[in-house]
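Work through the exercises below with the sequence and the 3D structure at hand. Try each task before reading its solution.

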Amino acid sequence: MKQNKYDDSTFFEKYSNMERSKKGLEAAGEWHELKKMLPDFKGKRVLDLGCGFGWHCRFAVENGAKSAVGVDISQKMLNEAANKTESEYIRYICMPIEDIDFAGNSFDVVISSLALHYVQSFEDISAKVNKCLTSGGEFVFSVEHPIFTAQGKQDWYYDKQGNRLHWPVDQYFTEGSRKADFLGEEVIKYHKTLTTYLNGLIQAGFEITGIVEPKPAEHLLYSVPGMADELRRPMMLLISAVKKR
Ligand SMILES: C[S@@+](CC[C@H](N)C(=O)[O-])C[C@H]1O[C@@H](n2cnc3c(N)ncnc32)[C@H](O)[C@@H]1O
C-alpha cells in the first residue's frame, strides 16, 4: 500500500520547515558527497524519482541537462516544486514511483534522492529504471541506510537522563514495512538489506560504479544541533551505477 504522507498538511508543514527544505541542496548533509557521484549533465535527459521540491531537477538543468522530469506522489510537494521552478525544460508528474512506465531509451540519467526507501520493491524499480535508460546511462541514488531503517522506529536508545546510548539495529534480515517516527509523525518506510540494493542493481543489468556512506559535511557538524551524532552510525547510502552496454 503506497502512503502519501507528504500530502498530509501537518507532515508537509513540518517537512517544509526543515533546513534542507528551506535552503536546498547546500543544507542537505549528504549533498557534498552525492554531487561528486553525479555525471556531467550536459545535453542529458534526466529523470528524478521522488523529486520533492525539485532541487535536483533544477540542479541538472542549471548544469546543462537538456530536460528533466520529476516524478512524485505528492501534489503538495510538486506544487512547491513548480513555484520554485522557472525553467521550461523541467516537467513534473504526479505519480507513484512504482507506476513509472517510460519507454526504453527515454533518459540518459536517473537520479533519486531519499525516496526509494518509501518503495517496497527495489528489484521492480531497478528493472524499470534500467529499461528507460539509454545504454551506458547512469543511475545515481540515495536511500536511508539499512542500518538506519532496520529496527523501524528510527530513534536512539536513551538513558534515564535522556542521553543517547546507542542506535538499535534489529530485524536486519526481515525486509518490509516499518513504522518510523519522522518529525514526530508516523511514516511508513521499507527496510531492505544492503544485499537487496546491490544485487537488485546487478540483476537488473547495472554495473555498480560507486558506493558512499556519507558523513555530514564539516560545516554542518557544528552548526546543526545533533548533527555530530551522525558520526555514530550511517544514516544514508549513496550508490551510482551504469546500465551495461
Ligand atoms: C525525503 S523527500 C525527498 C525529496 C527530494 N528528492 C529531495 O531530496 O529533496 C521524499 C519524497 O519522496 C516522495 N515519495 C514518497 N513515496 C513515493 C512514491 N511511492 N512515489 C513517488 N514519490 C514518493 C515524497 O512525496 C517526497 O517528496
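## Exercise 1: Contacts of a loop residue

Outside the four places on either side of it in sequence, Y89 is in contact with V61, K66, S67 and A68. Two residues are in contact if their C-beta atoms, placed from the backbone, lie within 7 Å. This is a predicted model, in which local features need pLDDT of at least 70 and side-chain atom pairs count only at pLDDT 80 or more, while totals for chains, interfaces and linings use all residues. Residues are numbered from 1 along each chain as its sequence is written.

Task: state where Y89 lies and whether Y89 is buried, partly exposed or exposed.

Solution.
- Step 1. Y89 belongs to the loop between helix 5 (75-84) and strand 3. Helices (H or I, at least four residues) and strands (E, at least two) are DSSP runs, numbered from the N terminus.
- Step 2. A residue is buried if 20 or more other C-beta atoms lie within 10 Å of its own, exposed if 12 or fewer, and partly exposed in between, with C-beta atoms placed from the backbone.
- Step 3. Y89 has 16 C-beta neighbours inside 10 Å, so Y89 counts as partly exposed.
- Step 4. One of the contacts can be checked by distance: Y89 and V61 are 28 residues apart in sequence, and their C-alpha atoms are 7.3 Å apart in space.

## Exercise 2: From one residue to the core

Task: find the partners of A68, then place A68 in the nonpolar core.

Solution.
- Step 1. Not counting residues up to four places away in sequence, A68 touches V46, D48, C57, A60, V61, Y89 and I90.
- Step 2. A nonpolar core is a set of buried Ala, Val, Leu, Ile, Met, Phe, Trp, Tyr and Cys residues joined through C-beta atoms within 7 Å.
- Step 3. The largest such core has 56 residues, and those with the most contacts inside it are V46, A60, A68, V110 and F139.
- Step 4. Strand 11 (residues 236-243) gives the most to this core, with 6 residues.

## Exercise 3: Two buried residues

Task: describe the surroundings of N130 and of E30.

Solution.
- Step 1. N130 sits in helix 6 (residues 122-132). It is buried because 20 other C-beta atoms lie within 10 Å.
- Step 2. Leaving aside neighbours within four places in sequence, N130 contacts A204, G205, F206 and K243. N130 and G205 are 75 residues apart along the chain, with their C-alpha atoms separated by 6.9 Å.
- Step 3. E30 is in the loop between helix 2 (19-23) and helix 3 (31-37). With 23 C-beta neighbours inside 10 Å, E30 counts as buried.
- Step 4. Leaving aside neighbours within four places in sequence, E30 contacts S142, P214, M236 and L238. From E30 to S113 the C-alpha distance is 9.9 Å, with their positions 83 residues apart in sequence.

## Exercise 4: Positive phi

Task: which residues other than glycine, including N105 and Q171, can be described by a positive phi, and where do these two lie?

Solution.
- Step 1. N105 is not a glycine, yet its phi is about 60°. N105 is in the loop between strand 3 (90-94) and strand 4 (107-113).
- Step 2. N105 is partly exposed, because 13 other C-beta atoms lie within 10 Å.
- Step 3. Q171 has a positive phi near 50° and lies in the loop between strand 7 (164-166) and strand 8 (176-182).
- Step 4. Q171 also counts as partly exposed, with 13 C-beta neighbours inside 10 Å.

## Exercise 5: The whole chain

Task: decide whether the radius of gyration of the protein agrees or disagrees with that of a compact globule.

Solution.
- Step 1. The radius of gyration is taken over C-alpha atoms, and the globule rule is 2.2 Å times the number of residues to the power 0.38.
- Step 2. For 245 residues a compact globule would have a value near 18 Å; the protein has 17 Å, which agrees.
- Step 3. The C-alpha trace spans about 55 × 40 × 35 Å along its principal axes.
- Step 4. The protein has 9 helices and 11 strands, and buried residues make up 38% of its 245 residues.
- Step 5. Among contacts between residues at least 6 apart in sequence, 66% join residues at least 24 apart.
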